[in-house]
Amino acid sequence: MPKSRFSHDQIRAIVLEMATAGTLKDLARKHGVSTATLHRWRRAVSDERKPARDRLRSLEMEHRRLKNRYAELSLDYLSLRAALVKDVNREC
């Protein structure tokens, strides 16, 4: 496989430019590549971001689960404290 004329950072910049470019054909002509190459680069750059999105989503789910668990434990603590102490606002 021949070495690419473009570095990885240049490819990412071109893919970001695709969003603001008029047409893919003009962008391809500007950079001297085919439209198929632009589509392939866009897919490759989006696949790079996917693991980060999956990791973020799993962290958000874990955070939500921990918040729910904390709320349950807080309610358990308050109900047990109310059963032990007549004045709930006073420290144990």
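These questions and answers walk through helix H3 of a predicted model.

Trainee: What distance should the 50 residues of helix H3 span?

Mentor: Helix H3 covers residues 35-84. Each residue counts for 1.5 Å. The end C-alpha atoms lie 73 Å apart, which agrees with the expected span of 74 Å.

Trainee: At which residue does H3 bend, and which proline follows?

Mentor: The bend is about 30 degrees. Its site is Arg49. Within four residues comes the proline, Pro51.

Trainee: Which residues of H3 are buried, and which helices do they pack against?

Mentor: Buried here means under 20% relative accessible area. In H3 that applies to Thr37, Leu38, Trp41, Val45 and Arg81. The buried residues of H3 have two packing partners: helix H1 (8-18) and helix H2 (24-31).

Trainee: Is Leu75 buried or exposed?

Mentor: Leu75 sits in helix H3. The cut-off for exposed is over 50%. Leu75 is exposed, because its relative accessible area is 58%.

Trainee: What accessible area do Leu75, Tyr77 and Leu78 have together?

Mentor: Leu75, Tyr77 and Leu78 make up a nonpolar patch on the surface. Together their accessible area is about 330 Å².

Trainee: How many salt bridges does the whole structure hold?

Mentor: The search covers the whole structure. One of the bridges joins the side chains of Asp54 and Arg57. The total is 5.

Trainee: How far apart in helix H3 are Asp54 and Arg57, and what is their N to O distance?

Mentor: Both residues lie in helix H3, 3 residues apart, or about one turn. An α-helix has 3.6 residues a turn, so residues three or four places apart point the same way. Asp54 is partly exposed, at 38% relative accessibility. The N to O distance between Asp54 and Arg57 is 3.8 Å.

Trainee: Which residue forms a salt bridge with Arg65?

Mentor: The partner lies in helix H3 too, 3 residues from Arg65. Arg65 is partly exposed at 45%, and its partner is partly exposed at 35%. The closest N and O atoms are 2.8 Å apart, and the partner is Glu62.

Trainee: What is the N to O distance between Glu72 and Arg69?

Mentor: Glu72 and Arg69 are set about one turn apart in helix H3. Glu72 has a relative accessible area of 43%, so Glu72 counts as partly exposed. Arg69, at 41%, is partly exposed as well. Their side chains meet in a salt bridge, N to O, at 3.2 Å.

Technical notes: Residues are numbered from 1 along each chain as its sequence is written. This is a predicted model: local features need pLDDT of at least 70, side-chain atom pairs count only at pLDDT 80 or more; totals for chains, interfaces and linings use all residues. Side-chain values use heavy atoms; hydrogens and water are left out. The expected span of a helix is 1.5 Å times one less than its number of residues. The bend at a residue is the angle between axes fitted to the seven residues ending there and the seven starting there. Buried means under 20% relative accessible area, exposed over 50%, partly exposed in between (1.4 Å probe, protein chains only). Contact means heavy atoms within 4.5 Å. Patches are made of residues with over 30% relative accessible area and no salt bridge: like charges are joined within 9 Å, nonpolar side chains (Val, Leu, Ile, Met, Phe, Trp, Tyr) within 5 Å. Accessible areas come from the Shrake-Rupley method with a 1.4 Å probe; for residues, only the protein chains shown count as cover. A salt bridge is a side-chain nitrogen of Lys or Arg within 4 Å of a carboxyl oxygen of Asp or Glu.
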